[in-house]
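Q: Please take a close look at the salt bridges of this predicted model. Which residues form them, and where do the partners lie?

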Amino acid sequence: MKVKVGINGYGTIGKRVATAVNQQDDMEIIGITKTRPTYEARDAVRQGYPVYVPAESMDAFKDAGIPVAGTIDDMIKAADIIVDCTPGKLAEEYKAKYAAAGKKAIWQGGEDHSLTGISFNATANYSESWGAQFSRVVSCNTTGLLRTLFNIDKNFKIKNAYVTLIRRSADPNDSKNGPINAIEPSVKLPTHHGPDVQSIMPWLSINTMAVKVPTTLMHVHTIVAELGSEVTTEQVKEVIKACPRVRLVKSKEGIKSTAQIMDLARELGRTRGDMFEIVVWEDGIKMVGNVLYYYQAVNQESDVIPENVDCIRSMCKLEKDAAASIAKTNKAMGI
Ligand code: NAD
């Protein structure tokens, strides 16, 4: 029997999780929710997803000619687990509903660790969500940092990590946010990204700063890490190469920027042109003494998607072994 998954909040993350879940053989989408009869609601119907809506929105969907399967409460009842991909500030209200219905739920990185007390990253702590009722897949940036830092720390012991996050200002389908012609530093320092990594690697000394720039494609991280010993650049490259869901690219092969990375994702025939892996410039990895320098890029719309699939597997006890779940998810998603 497949695990029945409901998606609450069918936006950038929700629609991608729906596709990824339906690509697996041990879970299926039983419904998605929409609050308004938008083009995304119409497209969900085209894709064959039952659409659930707030009771007060039923008439609006009827007027728009978009068929509705029931209310959001009906979807919660029908699901074994809900992947909550709603925007911020709704978590407490929905948490009460999921708890009352006795359902499992996963939130995204826009929520705080304190909501669930467990945060998830498949590489770093798959087993901590084993059988849990509630968990949280950490944000796109935190996922990116954990994908590489966890194995670098495991192999070479990081004494201190200093990270600058160069953040995209808005997602590609967003015409409201900015900046569109400025660079905006986060002045609340250090930024929340370090503590978010520590929700999964509490022992790691990590310091973060961030600036927003006018791009929609990806975030870029510049990482400087003092290691416990003087290892070679080649040794570090081997470790990064072996990290799950990390792709090494070379500037000298033409991948000079995020533009070519996203072009590569489209050439690979990925759904929606997504790059699920964290992309590290191989020719930008360098050891000087015991200090490691590297750059990585994060496709904010998609890196957390396979993590949600693995989190469902851990919470619903479908696969005990993290590496086996990662491999299964990757194979089904073409990673
Ligand atoms: P989004 O705005 O694209 O989608 C949110 C969806 O929730 C929309 O379809 C909206 O209509 C729906 N919604 C609004 N109110 C609702 C309600 N009361 N009940 C049900 N649905 C409702 O947002 P997103 O970018 O997909 O972000 C979702 C979560 O994922 C947030 O926690 C965010 O921080 C996190 N996240 C976002 C990104 C990213 O770059 N977009 C990356 C990683 C994690």
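A: The account below takes the salt bridges pair by pair and then turns to the ligand.

In this predicted model, a search of the whole structure finds 21 salt bridges. For a pair to count, a side-chain nitrogen of Lys or Arg must lie within 4 Å of a carboxyl oxygen of Asp or Glu.

One of the pairs lies within a single helix. Arginine 46 and aspartate 43 are both part of helix α2, which covers residues 39-46. Three residues separate them, about one turn of the helix. Their closest N and O atoms are 2.6 Å apart, and the two residues form a salt bridge. Arginine 46 has a relative accessible area of 62% and is therefore classed as exposed, since exposed means over 50%. Aspartate 43, with a value of 26%, is partly exposed.

Another pair is formed by aspartate 310 and arginine 245, with the closest N and O atoms 2.8 Å apart. Aspartate 310 belongs to helix α11 (residues 305-315), whereas arginine 245 is found in the loop between α9 (233-242) and β13 (246-249), so this salt bridge ties together parts that are 65 residues apart in sequence. Both partners are buried: the relative accessible area is 0% for aspartate 310 and 5% for arginine 245. Each of these two values falls in the buried class because that class covers everything under 20%.

A further salt bridge joins the side chains of arginine 247 and glutamate 277, at 3.1 Å from N to O. This pair also links distant parts of the chain, 30 residues apart. Arginine 247 is in strand β13, and glutamate 277 is in the loop between α10 (258-267) and β14 (278-281). Here the partners fall into two classes: arginine 247 is partly exposed at 24% relative accessibility, while glutamate 277 is buried at 4%.

Some salt bridges share partners, and in this way Asp26, Arg147, Arg245, Glu307, Asp310 and Arg313 are joined into one network. The pair of aspartate 310 and arginine 245 described above belongs to this network.

The ligand may be considered next. The space that the ligand takes is the largest pocket. Around the ligand are 20 residues, and the closest are Thr12, Ile13, Lys34, Tyr94 and Asp171. In the side chain of lysine 34, an N or O atom is 2.9 Å from an oxygen atom of the ligand. For tyrosine 10, a backbone N or O atom lies 3.3 Å from a ligand oxygen. The protein covers 78% of the 830 Å² of accessible area that the ligand has on its own.

Technical notes: Residues are numbered from 1 along each chain as its sequence is written. This is a predicted model: local features need pLDDT of at least 70, side-chain atom pairs count only at pLDDT 80 or more; totals for chains, interfaces and linings use all residues. Side-chain values use heavy atoms; hydrogens and water are left out. Helices (H or I, at least four residues) and strands (E, at least two) are DSSP runs, numbered from the N terminus. Buried means under 20% relative accessible area, exposed over 50%, partly exposed in between (1.4 Å probe, protein chains only). A residue is near a molecule or strand if one of its heavy atoms lies within 4 Å of it. A polar contact is a pair of N or O atoms within 3.5 Å; within protein, one must be able to donate a hydrogen and the other to accept it, and residues adjacent in sequence count only if both atoms are side-chain atoms. Accessible areas come from the Shrake-Rupley method with a 1.4 Å probe; for residues, only the protein chains shown count as cover. On a 1 Å grid over the protein atoms alone, a cavity is a set of points where a 1.4 Å probe fits but cannot get out, and a pocket is an open set with protein on both sides within 12 Å along at least five of seven lines; lining residues have an atom within 4 Å of a point. A molecule sits in a cavity or pocket if more than half of its atoms lie within 2 Å of its grid points.
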